[in-house]
Amino acid sequence: MPLESATIDVASRQGLEGLAIVDCDVHPDANADVVRHLPERWRQYVELTGFRGWPTETMIRLTNRPMANRLDTTPPGGGIAGSDPDFAREQLLDEYGLSYAILNNISLCSGGMPGEFEVELARATNDYNETWLEADPRWLSSINVYALNPGASVREVERCRMKSDRFVQVLLDTHLERPAGNPVYWPVFEAAEALGLPVAFHITGRSKHGKSSGVGPVTYYYEQRTSLDILGQTVVPSLIFEGTFDRFPKLKVALIEMDWTWVVPMAWRLDATWRVLRDEVPDLQRKPSEYLRDHFWFSTQPNLEPERPEQFYEAYDQFVRAGFGDRLMFATDYPHWDMDSPFESTPRDLPRESKQRILSGNAAALYGLDLSAGENAL
Amino acid sequence: MSPTLHPLRAPSELWDGPIVDVDVHVEVPGVEVLRPYLAPVWRQYVDERGWSQPFGTFPYPRNSPASARPEWRPDDGRAPASELSLIQEHILDRGGVEHAILNCLFPIDSGPPDLSVALARAVNDWLVAEWLDADPRLRASIVLPARNDPAAVAAEIDRVGGHPGFVQALLPVRSGMLYGKRLYWPVFEAIERNDLVAGIHWGGSNEGLPPTPSGWPTRYIEEYVSEIQVFESQLINMVAEGLFQKFPALRVSMLEIGFTWVPMWLWDMDRNWKGIRREVPWISRPPFQIVRDHVRFSTAPLDADRSEELEHVLRWLGSDDMVLYASDYPHMHDDDLTVILEAMGEESRAKLMADNARAWYRLDPAETMADGD
Amino acid sequence: MATEPDPPRKRSRQGRVVVARVSDIPENSRLIVTVRGREIGIFNVAGKLYAIGNRCPHRGGDLCKGDIIGRVYAERPGEVALDPTMKFITCPWHGWEFDIETGQSWYDPASPPPATPSPDARHFGVEVANGADLEAQLAEGQVGVVDERAQAAYVDPTTHRVRGPFQADVFPVDRDDEYVVLTLRSARATQR
């Protein structure tokens, strides 16, 4: 076996034989290629002014790694990691025998730019992602939208679905200027619900709010990197208490790369607080934790690594007892440095049924995926 | 009030040992009680403007159910928690209570520095004269002036920190600039010098910034639920900035945010530190261990309502030193103290209800025990 | 010579294997060799050789493709310094640091084991031996030779990917040349 790839032999798949794997979070990253899909007027704008909203600190990462990538994911032809779909196929899809992988292109959403540019940029990003869809049938993609222009967003969602049904969800930034449930975004949710598409949230790599916390800017990448579940803890209360799910009862929301261990304490807190303060939200039809349980999905990234191995099972069992067993979806986060191989990060002693749900079953149900083809056909 | 809320029960009905209550609020009923403690120039300031309260973001809307339990709202229209007699009646004299720590959330953490210094002095002098000196069971947090003058904040801590009744300096969690940042070092030097606890508590002006990374929540209930992430950001920033290496004896309390979120957050901090260590190289051991040594959490709001689930969280904390009983008087939570008493296990209940607080706040052994009523 | 020498036994009792010529691994380069199905990175750092298993004990990343850096340390914020004498190999995935000499993982320097057992990378004894000595040792079965069909490759320091394949041309040994010999018996760090 060539040294080029990791040595995935039979032994390392132990316990996962015959299980299909769907990867819910892959990050293509190709500035120049996306810019090529922009109209000339905005290509010139990028030349002239660039992405002003892009804070310079986002370039400074762990050991100076550009764009927070795993060191050995640079394509052989050059360019940065995530810019070559053929190499990504080899290093990800083939390496792990994935049935599908969902592209979340988070590299070109910035905020603080001309509104029309943001709309065109989202469109160009989706057109770029389409080149990946054409490169291999296992790629699926999110639809990028500039959510603060809901009309343009709705048109973009419809445009992408006309192109391909492998555009499987609508992607919103966690760092928009108004929290996730704000009614300004509701036309987007309405369109997604009508088309049966989940809405996903993910932090974007170049948001000008990317270093913000609820108390002003953080100082270290260590903080920024660890603060991903904070985003989930702001998205959830906003969506719930704005009444989004009473208005859109079939809407499904995927929180990508925000892990899942905060969910059960959040469910407790939602209900405990609501029991005291419910008069402020008299139109809410249900207990808030019920919306959390019925409308949200979560990904395995960033991976749970507790102090002792048995605590993983304890935390996961509590998560399942609370009703979230069909909500956890495997993600690699390729090509970022914190990515995990499915074979290395799925705890061995989980029951096989749980592994199946996490590795593909839950995602297949959410996105309507056919797992019956491929090397790991069920 | 919804009939499904837990009825108010004194902790002494559920626990017959000593009690230390680490989060009892005092409300300044109006500037008139502070006038005697203000210098003449500030009395004139107040009088000229007809000024009665600071302009700040109150974390407790007056009529919100969360702001006070019905049992703790005086019938005669006095503000809840605004007089010593109310706190004696509702908390201190209920049996078993050795000490209560008064946290006055008077919102002067932002704004004109000299005015806020004057107000802070007045509140602290008022706390000493009419509370600490009036009832030996009371301890209190120092109210700090606006953070935009760290030297003035340190000076106020030095001015009153020697009074034995002050055990903590109150740092509102929404500080607009995370507390680990180096420009706060003069404040923590003063806290360390006076051997006080740094008490991070719900509230604060946030210097006008929104309290989430994605803008302004539109409802109080939404803000309230997502407030955990404000404390999470403060905690990781203090650890990341090396505050506990710069001030190795520093004690921090995180108040009125519960603790069910803590183990998961610390697991995340440990995992990332292992690979990112060299960005924050002063952290030479896992952050979870640093927090076990340097940080404590109060019980209210509990959020959890089943002891068998809460047990897991307590076990993951890995230490029964870390959680301290608080009533959070006069605020209302739908807490049932039995849930945590059961989850804690028999051997650890005394620590939860009194011993941890006594150790953490260096409280004297009980001088007097109030008789039960 | 009239006849080909017998190929050496691949195994030796001490687990010693000749894997490369010293000249194959110049300063600041590294070679990943495959010996008995196990990938091992041999590093030449400032003239000294080290050997580390190419598998991160954290989550299985290709450890030997990572950066080599000095030790960053600080007693307190504001006092950051570099100890250039202590070299770490860092995993290209999650960035964990491993002492290149002992394989010890560095994330927990303040707490001694076994209180906090930290997973260490495998390190292997590496020695330089001259061809003349090796000839005799080979004949007596004290050292084996890497299978010439085994894959080896250099790691490109910029892309962190391998350049290869590299053919380990080590048999027959040249009496005048110098060779890199690995000791394969498991060598966990014994000293902290």
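In chain B of this predicted model, Val20(B) sits across from His99(B), a residue of β2(B). That pair is a handy way into the sheet of chain B, and from there we can move on to chain A and the contact between the two chains.

**The sheet in chain B**
- β1(B) and β2(B), the latter covering residues 97-103, run parallel to each other and are joined by five bridges.
- Zooming out, the open sheet in chain B is built from eight strands, ordered β1-β2-β3-β4-β5-β6-β7-β8, with parallel pairing.
- The edges belong to β1 (19-25) and β8 (323-324) of chain B; each has a single partner strand, so one side of each has no neighbour in the sheet.

**Where the chains meet**
- Chain A puts 56 residues into the contact, and chain B puts in 64 residues.
- On the side of chain A that touches chain B, β6 (212-213), α7 (221-226), α8 (228-241), α10 (263-277) and α12 (309-324) chip in at least two residues each.
- The largest share of that side of chain A is the 10 residues from α10(A).
- Sorted by class, the side of chain A facing this contact with chain B breaks down into 25 nonpolar, 17 polar and 14 charged residues.

**Chain A on its own**
- Chain A has 14 helices along with 10 strands.
- Of the 378 residues in chain A, 57% are buried.
- Take the contacts in chain A with a separation of 6 or more: 82% of them link residues 24 or more positions apart.

Technical notes:
Residues numbered from 1 in each chain as written. Chains lettered and ligands numbered in written order. Predicted model: local features only at pLDDT ≥ 70, side-chain atom pairs only at ≥ 80, totals over all residues. Pairing = 2+ DSSP bridges. Helix = DSSP H or I, 4+ residues; strand = E, 2+ residues; numbered from the N terminus. Contact = placed C-beta atoms within 7 Å. Nonpolar A, V, L, I, M, F, W, Y, C, P; charged D, E, K, R; others polar. Buried ≥ 20, exposed ≤ 12 C-beta atoms within 10 Å, placed from the backbone.
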